[in-house]
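Hi everyone, thanks for coming. Let me put the structure up on the screen, and then I'll walk you through it.

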Amino acid sequence: MAPPGDPPPATKYFWGDTPEPDEYYAAQGLRHAESYFQSPHGRLFTHAFHPLSGDVKGAVFMTHGYGSDSSWLFQTAAISYARWGYAVFCADLLGHGRSDGLRGYLGDMEAAAAASLAFFLSVRASEAYAALPAFLFGESMGGAATLLMYLRSPPSARWTGLVLSAPLLVIPDGMYPSRVRLFLYGLLFGLADTWAVLPDKRMVGKAIKDPDKLRLIASNPRLYRGAPRVGTMRELARVTEMLRGSLGEVNAPFLAVHGTDDGVTSPEGSRMLYERARSEDKELILYEGMYHSLIQGEPDENRDRVLADMRRWIDERVRRYGPAAAAANGDRDKEAPPA
């Protein structure tokens, strides 16, 4: 799952050694901030991206995938959404990036999702964003965490919609951890939970199509490069099974996108979500021949196609469900004759 071999020479930032961050983000039309958030389950490292000009259309809360973090190439998605006029907030999952926890270990997905949800809800409830449309975005394993956040959110959260990029709902046969190994390690009563001893399936060839972007991803200094940990893989197997049984509880508007040649998370999971969710407003886009990492790992023309579909979808949901639509509906209600 992590890029093979030794990392290539690292640059200071994913865009190179220069310019410095403030100058880089300003050139993108953004301002950026980093901070820590103390959740009930551990301290999270967080990012915020805001457009420098124009009204903010809504807030988007993003979660990255396995072994990654929010500070390297994943933030290209955050930058794109911020350039479209959205305030974007990201948090490194526990056990990832600069958040608390053992690197590459996610033995309790419920706790990890709850930690990120606590940060997202704290922002969502603030005066600046309480009245704006709010969306959850999750990529890969972050898609599973995002669905958990949605299912565990209080009714007051009022999520406007979900955007899921190659969500982990079905683990392909080639990636599925050996049930025999998990059983045998389980006989050690949790002592082996953090051991990085499971075979690395090396499916990165089906995750990243563009070799230049593979090298860039591999240069991430905070990328987890070890073998999969026993507890992480056991938990992913458990959570994906649980989520498949809960898809009927999803009723928020959502967009799910998936590459048909994804060898890391099966597109069948996105099909299941589309078929089983109770949402009246739902869309599934399958990209023929694309791999797993649709925004970070595809050639630019493919990435731009995916981003254009995401922009069309989220802008339309703001138009349908945002403050202007609510005000218009309120006016119509006032004008309607009494029943």
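I'll go through the sheet, then the helices that pack on it, and finish with a helix pair. Please keep in mind that this is a predicted model.

Let's begin with the sheet. It is an open one, built from 8 strands with mixed pairing, and the order across it is S1-S2-S4-S3-S5-S6-S7-S8. At the edges you'll find S1, residues 30-39, and S8, residues 282-287; each has a single partner strand, so one side of each is left without a neighbour in the sheet. From one strand to the next, the twist averages 15 degrees.

Now zoom in on S3, residues 58-63, and S5, residues 134-139. These two run parallel and are joined by 5 bridges. If you'd like a landmark there, Met 62 stands opposite Phe 137 in S5.

On to the helices. H3, residues 109-124, packs on the sheet and touches S1, S2, S3, S4 and S5, with its direction at about 155 degrees to that of S4. H4 lies across S3, S5 and S6, and runs at about 145 degrees to S5.

So what does H4 do with H7? Helix H4, residues 141-152, packs against H7, residues 230-244, at an angle of about 50 degrees, with the axes 11 Å apart. That angle makes H4 oblique to H7, and their crossing is left-handed. H4 brings Met 141, Ala 144, Leu 147, Leu 148, Leu 151 and Arg 152 to the contact, while H7 brings Leu 236, Val 239, Met 242 and Leu 243. By type, that contact has 9 nonpolar residues, 1 charged and no polar.

That's my tour, and I'm happy to take questions!

Technical notes
Residues numbered from 1 in each chain as written. Predicted model: local features only at pLDDT ≥ 70, side-chain atom pairs only at ≥ 80, totals over all residues. Heavy atoms only, no water. Axes fitted to C-alpha atoms, helices over the stretch in contact; angles between N-to-C directions. Helix = DSSP H or I, 4+ residues; strand = E, 2+ residues; numbered from the N terminus. Parallel < 35°, antiparallel > 145°, perpendicular 65-115°, else oblique. Left-handed = near helix turned anticlockwise from the far one by under 90°. Contact = heavy atoms within 4.5 Å. Nonpolar A, V, L, I, M, F, W, Y, C, P; charged D, E, K, R; others polar. Pairing = 2+ DSSP bridges.
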